[in-house]
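Student: I should like to learn how pockets and helix packing are read from a model. Please begin with the terms.

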Amino acid sequence: MLISTLLQSNQIPTLQYSSTSERFDDTWEAPLATLLGLGRAAGADFIELFLERRNYISCLAEDDAITSISPSLVTGAGVRVFRGKADCYVSTNDLSFSGLKAALEKGLAILGLELPSHNAFIPEINLELLRDYATKRGKDGWLPLCSSIREMGEILLDGTSHLQQKANHVQSRRASYFRDWQEILVAGSDGTFARDIRLTQSVGFNLLCADGAHRASIGERAGNTSDPNFLKTWDYQQASEQIAESAGKMLYADYVESGTYPIIMANHFGGVIFHEACGHLLETTQIERKTTPFADKKGEKIAHESLTAWDEGRTENAFGTIDMDDEGMPAQRTLLIEKGVLKNFLADRAGSVRTGHPRTGSGRRQGYTFAAASRMRNTYIAPGEYTTEDLLNSVDKGIYCKKMGGGSVGATGQFNFGVDEAYLIENGHITKPLKGAILIGEAKEIMNKISMCSQDLEIAPGFCGSVSGSIYTTVGQPHIKVDSITVGGR
């Protein structure tokens, strides 16, 4: 809602605001509302201001030494201006009123707009009462409770030491951790005024074992949002035992024979294939680029009827959980696919304007230097009606993919993914270990071949790169059966 005030454009240079510098609170309402009104008076259809403070640190242990500690402090803001279906984005690290005004003026100019004339009246935007998720959930006290640099180093070195004890033929050991604290404030000319604090942490191992010509490389990560004590409670002993066991099995494994097989894909990080090969194709950025085969398939069957998939930002402590997105919209659950039928796309504000799909609280960005875009949060295939034993018993000869590795995905869903830990399935039983397996396929075909889903959904942390930078996401699924897929090998 717009309200008229007595403020005139010639008064703007003399305005004085005293916003709190050490946090984003309601003292920012007056200057941001004035800037938003200034942009509307210039002829913009919508203006958004995104303010950010960030405190990041990472720590790396290699073998028995800390080899890197990398801190980073960031403060900045982004201004997004819409005119019709066109928009532009300007960022700055000057959070003064004049600095934000200069960024706004650049954004307006890019779209062919100018600041109002000398004596024009400036409507002040009537912002909502500050929606402060940080204060509501007690997040303001999180940062001082996180592990100190000394604690980071001690825990990681204890982890690599335990890894040495549990693994054989160790070539190298790495343990890494990061803590990312972020405070954001979003104000929009539609009245949006919201604040949040995010705390994201991740820790993990990488192990390389070698014996003559035999090699095995295994990695594993854990991730969390919202728990300052996450690193202190990390069970590095259990993690090291699991990764050492996997490396031991893969070290002397036979290479898989290439061919077409039915596969059983494990839960947890197995969901990375759905994320990469299908999830990205359901973002409105892909519709805008005309790079998704599903653009006009809403309401139609695009997957096997056994498959239901969700994207949401609400699972407690999951890596992609957010109380609000980077456009100030509250988190929600979005049903992507129901029993094989495409139900919704993921849309940010710009995607909604240009495609007509409703916003889903999916506007996300790496930081203030990026404009928000439609991005995934916690994305997973829902549990099905079968047991894992049912899936295995349905396979006479196939591949069990226990741990997925890296891979690549083409613009329209063609993919190939390495499997770090795989086993042969014979007559419904997991038998010998295999290595060198690469899964090759295309999203619109593979989604119709996921014929069985078990009941044991598990999720895993992930990192996703796209047009709005690198963000934290969750992938996941129960055990699934793919009726046939091309497996590259020897």
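Tutor: Helices (H or I, at least four residues) and strands (E, at least two) are DSSP runs, numbered from the N terminus. This is a predicted model, in which local features need pLDDT of at least 70, side-chain atom pairs count only at pLDDT 80 or more, and totals for chains, interfaces and linings use all residues. Residues are numbered from 1 along each chain as its sequence is written, and side-chain values use heavy atoms, with hydrogens and water left out.

Student: Which element gives the largest share of the lining of the largest pocket?

Tutor: Rolling a probe the size of a water molecule over the atoms shows where empty space is left. On a 1 Å grid over the protein atoms alone, a pocket is an open set of points where a 1.4 Å probe fits, with protein on both sides within 12 Å along at least five of seven lines; lining residues have an atom within 4 Å of a point. Here β18 gives the largest share, 9 residues. The volume of the largest pocket (the space filled by probe spheres set on the points, which are joined across faces, edges and corners) is about 1200 Å³. Its lining has 48 residues, and Gly219, Glu220, Arg221, His268 and Lys403 are the closest to the centre.

Student: How is the packing of α1 and α2 described?

Tutor: Two packed helices are described by the angle between their axes and the distance between the axes. Axes are lines fitted to C-alpha atoms, for helices over the stretch in contact (heavy atoms within 4.5 Å), and angles run from 0 to 180 degrees between N-to-C directions. The axes of α1 (residues 29-41) and α2 (residues 97-110) cross at roughly 20 degrees and come within 11 Å. Therefore α1 is roughly parallel to α2 (angles under 35 degrees). In their contact, Pro31, Leu32, Thr34, Leu35, Leu38 and Gly39 of α1 meet Phe97, Leu100, Lys101, Leu104 and Leu108 of α2.

Note on methods
Angles under 35 degrees count as roughly parallel, over 145 as roughly antiparallel, 65 to 115 as roughly perpendicular and the rest as oblique.
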